[in-house]
Amino acid sequence: MKHMLNMLSHAALVPVIVLDSATAETLLTQEQALKIIFPKSESVSANTKILSAEQRTTLEENTGLRFPEIDYPTFIATSKGQTDGYAVILNEIGKHENITFIVGISSKGKVMEVAVMEYRESRGGEVKEQRFLSQFRGKKEGDAIGVNQDIVKYTGATLSSYAISRGVRRALPLAHLFYGVGE
């Protein structure tokens, strides 16, 4: 009987796992996302930047945002020996699941491009469209970058709109901290 209950409890978990992964939609590989962010760059180098506890505390105090990850995949794009820009891959919680996206930032600290790489929510997918993402171009640290401020949300994608906006607001100070962007 105990063996049968164990089998049933494992069997009950399988549909949940299958349903969860069935809603995930990989839109872009890392390589594809980098081509969108840096379409003309000759080379892109990857790094993983680690936040110290002190850096995290300072970022959180200065921005009012949370920085829960310890490490961040970052990229530097170059052409002819000059830096074209930087990028950070982030995860932000939508309604229930993480949305994975990349934010490209110029040497002057302005958002160049945002691209959604993986969308896991069952609703709100409008945030992966250019008509939404293009609103972030040119934004910099200190700009509102807020839904119903300078970012228009989409009906049915409210929490996802907030998630992307929050992530862009996090990417800018991270690029500043890691690479001195915008100084």
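1. Which residue follows H5, and what is the sign of its phi? In this predicted model, H5 is followed by Gly-180, whose phi is positive, near 70 degrees. The helix itself, residues 158-179, holds 22 residues that should span 32 Å at 1.5 Å a residue, and the end C-alpha atoms of H5 are 32 Å apart, which agrees.

2. The count of salt bridges comes to 10. One of them pairs Lys-128 with Glu-25, with the closest N and O atoms 2.8 Å apart. Because Lys-128 lies in the loop between strand S6 (111-119) and helix H4 (130-133), while Glu-25 belongs to strand S1 (residues 25-26), this pair ties together parts that are 103 residues apart in sequence. Lys-128 counts as partly exposed at 29% relative accessibility, and Glu-25 counts as partly exposed at 35%.

3. A salt bridge also joins Glu-69 to Arg-170, the closest N and O atoms being 3.1 Å apart. It links distant parts of the chain, with Glu-69 in the loop between helix H3 (53-63) and strand S3 (71-79) and Arg-170 in helix H5, 101 residues apart. Glu-69 counts as buried at 18% relative accessibility, and Arg-170 counts as buried at 1%.

4. The side chains of Arg-137 and Glu-113 meet in a salt bridge of 2.9 Å, N to O, in which Arg-137 comes from the loop between H4 and H5 and Glu-113 from strand S6, 24 residues apart. Arg-137 is partly exposed, with a relative accessible area of 40%, whereas Glu-113 is buried, with 14%.

5. Finally, salt bridges that share partners join Glu-69, Glu-92, Arg-166 and Arg-170 into one network.

Notes:
Residues are numbered from 1 along each chain as its sequence is written. This is a predicted model: local features need pLDDT of at least 70, side-chain atom pairs count only at pLDDT 80 or more; totals for chains, interfaces and linings use all residues. Side-chain values use heavy atoms; hydrogens and water are left out. Helices (H or I, at least four residues) and strands (E, at least two) are DSSP runs, numbered from the N terminus. The expected span of a helix is 1.5 Å times one less than its number of residues. A salt bridge is a side-chain nitrogen of Lys or Arg within 4 Å of a carboxyl oxygen of Asp or Glu. Buried means under 20% relative accessible area, exposed over 50%, partly exposed in between (1.4 Å probe, protein chains only).
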